[in-house]
Amino acid sequence: MSYMPGLGRAMSDYLETSAQCEELDLPKGEFVAKMGKAYKIALSIASFASLVIGIPSTFILHEEVGIIFLVLGVAILLILPTIISYRCIVNKISLKEEYFVLFIKFKKEVLWESVKYRKIKIGRNYSIKLYDINRKKLMSFDGATVGVGRIVKMAKRGSIKDYAKK
């Protein structure tokens, strides 16, 4: 197999663009930020492909290579419920995050008034991180999240300062 430079970057750009297109369908006011459909599909395909390659290559080809593919496939399979169940309800008052990790439900709520600092990265690998008064990270969102653009706009409108090292 040959090395294809830029293939990972192209996939990342596609996933972010797909999430931005889904963002156009979000309702005004309160909305649900979630992982993009393309991201969920890509992870599902990667898990399936790793398992399909790993099972036969464990028995037919080199055992070590097959085990590596099996471990990757199972790891992605264990992460998949978290990605699929992730949702963050965003409104003018708070951000409420909900997701499952290995069938255990986690909830987290952050009030916008408790967010004092933000770190926004624009361009490739679009992301935002929100911090409290003690510079402890509260939440973060990346470009694969549907609604990250609206969250950035909400963070820019408030009295939230840009994060700078002390």
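The expected span of a helix is 1.5 Å times one less than its number of residues. That definition serves the opening stop of this tour, which is made on a predicted model.

**Helix H2**

Select residues 37–59, which form helix H2. This helix has 23 residues, and the distance from its first C-alpha to its last is 34 Å, close to the expected 33 Å. Next, show the side chains of Ala-38, Ala-42, Leu-43, Ser-47, Ser-50, Gly-54, Ser-57 and Thr-58, which are the buried residues of H2. Against which helices do the buried residues of H2 pack? Display helix H1 (7–23) and helix H3 (63–85): the buried residues of H2 pack against both.

**From H3 to strand E3**

Move to Tyr-86, in the loop between H3 and strand E2 (87–90). By the ring-pairing rule, the model holds four aromatic pairs. One of them joins Tyr-86 to Tyr-99, with 6.1 Å between the ring centres and 35° between the planes, a tilted arrangement. Tyr-99 belongs to strand E3 (residues 94–101), so the pair ties together parts that are 13 residues apart in sequence. Is Tyr-86 buried or exposed? Tyr-86 is buried, because its relative accessible area is 11% and buried means under 20%. Tyr-99, at 24% relative accessibility, counts as partly exposed. Add Phe-106 to the selection: Tyr-86, Tyr-99 and Phe-106 form one aromatic cluster.

**Tyr-131 and Tyr-163**

Now select Tyr-131 and Tyr-163, whose rings form a stacked aromatic pair, 4.3 Å centre to centre and with 25° between the planes. Tyr-131 lies in strand E6, whereas Tyr-163 lies in the segment after strand E9 (161–162); the pair links distant parts of the chain, 32 residues apart. Tyr-131 is buried at a relative accessible area of 7%, while Tyr-163 is partly exposed at 21%.

**Arg-135 over two rings**

Keep Tyr-163 on display and add Arg-135, which lies over the face of the Tyr-163 ring, 5.3 Å from the ring centre. Then show Tyr-117: the charged end of Arg-135 also sits over the ring of Tyr-117, at 4.4 Å from its centre.

**Ser-127 in strand E6**

For the final stop, return to strand E6 (residues 127–131) and select Ser-127. Ser-127 is buried, with a relative accessible area of 15%. Which residues does Ser-127 touch, not counting residues up to four places away in sequence? Display Lys-119, Ile-120, Lys-121, Phe-141 and Asp-142, for these are the contacts of Ser-127 on that basis.

Notes: Residues numbered from 1 in each chain as written. Predicted model: local features only at pLDDT ≥ 70, side-chain atom pairs only at ≥ 80, totals over all residues. Heavy atoms only, no water. Helix = DSSP H or I, 4+ residues; strand = E, 2+ residues; numbered from the N terminus. Buried < 20%, exposed > 50% of the residue type's maximum accessible area, 1.4 Å probe, protein only. Contact = heavy atoms within 4.5 Å. Phe/Tyr/Trp six-rings, centres within 6.5 Å; stacked < 30°, edge-to-face > 60°. Lys NZ or Arg CZ within 6 Å of the ring centre and 35° of its normal.
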